[in-house]
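Please open the model in your viewer and keep the selection tool at hand. The tour below goes from stop to stop, saying what to select and what is found there.

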Amino acid sequence: MPTSKSSLLSLQNFSKSKVETLFSEALQLKNNFNKFNLTSGVYHSGYRGTAALLFFEPSTRTRFSFEAACSRAGFHPLILDGGVGTSLEKGETIEDTVFNIEAMRPLFFVIRCHDQVNLPELETKLSVPVINAGWGKQGHPTQALLDALTMFEKWQNLEGKNILFIGDIKHSRVVASHIELSTVLKYNVAFCGPEDFVNSEQWNSKVKKFHHLKEALQWADVAIALRLQKERHDNDNMFLVDDYIENYGLSANKLRHLKEDALILHPGPVNYGIEVEMEIHQDKRSVILKQVENGVFIRESIIRQMSKGEV
Ligand code: NCD
């Protein structure tokens, strides 16, 4: 790794060409990987060092895909998964945990943590790059990139596309990163969800809002359903789940209003029967598992670019 740090904490200072380089490398990696299987021999040779993957909040897709991406790029992942069995249980702080792991000389960090950790400040204290793998409600840049890669595969250009977020927008770090990425790739963003969830002072001026799902789906080229982030709600009486399902849950019947060549995304984990029905996987517009597949390639491409000092 070069000595200059090229961390990925947000997409704020990203250029379109940087995003396109990541996309084109990710798609090339995908293409190469498609020719590889269990019996086709060595994928790559060469061990490049260790990477510390520290997940202080739960994760399945993001953590496994970073593990896979590290290993495909030649880095051995050292994993902290939620902290059970570590000295966090004895009261050691997250910051101190990170500094102790840094002393073991990983070549970069991948960190998921809650809002109370000041991730940008922590990053300045570390000598190696940090990738944000989901920071409280603040951002989840690699998820926005993998979503956009999945759309890019279909359209090769996202300028002017209408991206609709449905549901718990207020608590979604995925939306926060999409707001940043939308200014780079010039796609339009709109929200549709319960009043409490779509009103976020941060974003009000930047997005269109729909009160009715039918109208919103008619507008959208991409519909992204979001998980109800119960763990981030102040109280659980903010809305009634049955009303939510009736008004915002994606059923085959409601999806009649979505364009035929549109895409349906969900960052996962999915609460089936709430945000979307199980039958969503039969809808040919759904690319939910393709997002997961693409998550590994975009993360591998980020790691490879970062190791050239180019993220
Ligand atoms: C998201 C996350 O953790 O922010 N999921 C993910 O990383 N794939 C969304 C969520 O938790 O609802």
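How many residues apart are Tyr244 and Tyr248 in helix H9 (residues 241–248)? Select both in this predicted model: Tyr244 and Tyr248 are four residues apart in the helix, and therefore about one helical turn separates them. Both of these tyrosines are buried.

Next, turn to the aromatic rings, of which eight pairs are counted in this structure. One of them is formed by Phe36 and Tyr43, whose rings are tilted, with 5.0 Å from centre to centre and 55° between the planes. The pair Tyr244 and Tyr248 is tilted as well, at 5.6 Å centre to centre and with 50° between the planes. Going back to Phe36, you will find it partly exposed, with a relative accessible area of 26%, and Tyr43 likewise counts as partly exposed, at 26% relative accessibility. Now add Phe33 and Phe297 to the selection, since ring pairs link Phe33, Phe36, Tyr43 and Phe297 into a cluster.

From the cluster, stay with Phe33 and show Arg72, which lies over the face of Phe33 at 3.8 Å from the ring centre. A second arrangement of this kind can be displayed by selecting Arg63, whose charged end sits over the ring of Phe64, 4.5 Å from the centre of that ring.

The following stop is the ligand, and the residues surrounding it include Arg61, Thr62, Arg112, His140 and Gln143. Also among the surrounding residues are Arg173, Arg227, Gln229, Pro267, Gly268 and Pro269. Zoom in on Arg173, where an N or O atom of the side chain is 2.7 Å from an oxygen atom of the ligand, and then on Arg227, where a polar side-chain atom lies 2.6 Å from a ligand oxygen. At Gly268, by contrast, look at the backbone, where an N or O atom lies 2.8 Å from a nitrogen atom of the ligand. The protein covers 94% of the 320 Å² of accessible area that the ligand has on its own.

Finally, which cysteine sulfur is nearest to that of Cys70? A search of the whole structure finds zero disulfides, and Cys70 is in none, the nearest cysteine sulfur being that of Cys113, 17 Å away. Because a disulfide needs its two sulfur atoms within 2.5 Å, the 17 Å between the sulfurs of Cys113 and Cys70 is too far for a bond. Colouring by accessibility shows Cys70 as buried, with a relative accessible area of 0%, and Cys113 also counts as buried, at 1% relative accessibility.

Note on methods: Residues are numbered from 1 along each chain as its sequence is written. This is a predicted model: local features need pLDDT of at least 70, side-chain atom pairs count only at pLDDT 80 or more; totals for chains, interfaces and linings use all residues. Side-chain values use heavy atoms; hydrogens and water are left out. Buried means under 20% relative accessible area, exposed over 50%, partly exposed in between (1.4 Å probe, protein chains only). Rings of Phe, Tyr and Trp (its six-membered ring) pair if their centres lie within 6.5 Å; planes under 30 degrees apart count as stacked, over 60 as edge-to-face and the rest as tilted. Helices (H or I, at least four residues) and strands (E, at least two) are DSSP runs, numbered from the N terminus. A charge sits over a ring if NZ of Lys or CZ of Arg is within 6 Å of the ring centre and within 35 degrees of the ring normal. A residue is near a molecule or strand if one of its heavy atoms lies within 4 Å of it. A polar contact is a pair of N or O atoms within 3.5 Å; within protein, one must be able to donate a hydrogen and the other to accept it, and residues adjacent in sequence count only if both atoms are side-chain atoms. Accessible areas come from the Shrake-Rupley method with a 1.4 Å probe; for residues, only the protein chains shown count as cover.
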